[in-house]
Amino acid sequence: MPRPHFFDFDPDQLELPALALRVEVEESVGELPMHQHAKGQLVLALRGAVTSEVPDGYWMVPPQCAVWIPAGVPHSNRMSANASIYFLFVAPGVVAMPAECCTLAISPMVREMILHLAALPQDYAPDGPTGRLAMVLLEELGKMPTEQLYLPISGDARMRRIAKALMADPSDRSTVAEWGARMAMSERTLARCVLKETGLTFGRWRQQLLLIVALQRLSLGASVQAVAEELGYESVSAFITMFKASLGKPPGRYFADKESKRGRLAYVGRDTASESTGFY
């Protein structure tokens, strides 16, 4: 049975190579306070979406992908309504994992092993069957490729204010000069600040933010037309062009491919953990 919530779960209490936790979200969960773990954390979304905030950016967790948060990194997670989320906690030093946060494309096999581990007792013996499963899972996890679903920000309070404002109103097309005036900065100073802190121009940085918002909305079932309008695009085709240039596929194909992978996972796991967890 899935645990009611992860607030009462402390992954650092058990000295095991890997622990998995399943969380079903009925209503949107507000932004959790910044916290950190001695273990690394993988956030996997099977349905819905998660945005993970770390000190230097926002990471988007679309369906069938995961965000890796290394041990000791402060973070905060926001989960959408009707989300099905799995957390995998990994003891440091057990397997070579990225030293920085990143979005991972998770294979069906790795995904299925996470589901299965989450359905098993957490007080397993490291040298028993579950312990061996955990080690194989971690070995395969280290091979997963990355995806660029990241919004770089910084500790600069003004940049964080702009990011939060744009996430609240992504249709805002204020110029760099107008944003600078709001932040008591000149246009040139703000442009230099964004480039220095993120490596991106202001326009490219805002486009990446819009992509993250678009993925959130689309993963919740909003139409392409509705998302294009919400993000302030003059036409649906302009929005689709941006999406395809960023992720290599138009929105329909991108999510169809994600759903196809999920369907194959459901079929493969029909006699194993996917049915025992009650998700499929």
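In which loop is the place of H37? H37 sits between β1 (18–25) and β2 (40–47). The strands and helices named here are DSSP runs, numbered from the N terminus (E, at least two residues, for strands; H or I, at least four residues, for helices). The model is predicted: local features need pLDDT of at least 70, side-chain atom pairs count only at pLDDT 80 or more, and totals for chains, interfaces and linings use all residues. Residues are numbered from 1 along each chain as its sequence is written, and side-chain values use heavy atoms, with hydrogens and water left out.

H37 has 13% relative accessibility and therefore counts as buried. Buried means under 20% relative accessible area, exposed over 50%, and partly exposed in between (1.4 Å probe, protein chains only). Leaving aside residues up to four places away in sequence, H37 touches P11, D12, A71, G72, H75 and F89. Contact here means heavy atoms within 4.5 Å.

The chain holds ten helices and ten strands. Of its 280 residues, 51% are buried. Among contacts with a separation of 6 or more, 71% join residues 24 or more positions apart. The accessible surface is about 12900 Å², and carbon and sulfur atoms hold 54% of that area. Areas follow the Shrake-Rupley method with a 1.4 Å probe; for residues, only the protein chains shown count as cover.

One open sheet has six strands, ordered β1-β7-β2-β5-β8-β9, with antiparallel pairing. Two strands pair if DSSP finds at least two bridges between them. β1 and β9 (146–147) are the edge strands, each paired on one side only. β9 joins β8 (residues 102–105) through two bridges in the antiparallel sense. There, L104 has T146 of β9 as its bridge partner. Helix α2 (residues 129–141) packs on this sheet and touches β1, β2, β7 and β8. Its direction makes about 100° with that of β7. Helix α1 (residues 108–118) lies across β1, β2 and β7 (83–90), at about 85° to β1. Axes are lines fitted to C-alpha atoms, for helices over the stretch in contact; angles run from 0 to 180 degrees between N-to-C directions.

A second open sheet has four strands in the order β6-β3-β4-β10, again antiparallel. β6 (76–79) and β10 (150–152) each have a single partner strand, so one side of each lacks a neighbour in the sheet. From one strand to the next, the twist averages 15°. Strand β4 (residues 57–61) pairs with β10 over three antiparallel bridges. G57 stands opposite P152 in β10. Helix α6 (residues 202–219) packs on the sheet, touching β3 (50–54), β4 and β10, and its direction makes about 145° with that of β10.

The largest pocket encloses about 420 Å³. Its lining has 20 residues, and those closest to the centre are T51, R78, M167, Q216 and R217. β3, β6, α3 (157–168) and α6 each supply at least two lining residues. The largest share, four residues, comes from β6. A pocket is an open set of points on a 1 Å grid over the protein atoms alone, where a 1.4 Å probe fits, with protein on both sides within 12 Å along at least five of seven lines; lining residues have an atom within 4 Å of a point. The volume is the space filled by probe spheres set on the points.

A184 lies in the loop between α4 (176–182) and α5 (187–198). Its phi is near 60°, a positive value in a residue other than glycine. Most residues other than glycine have a negative phi. At 72% relative accessibility, A184 counts as exposed.
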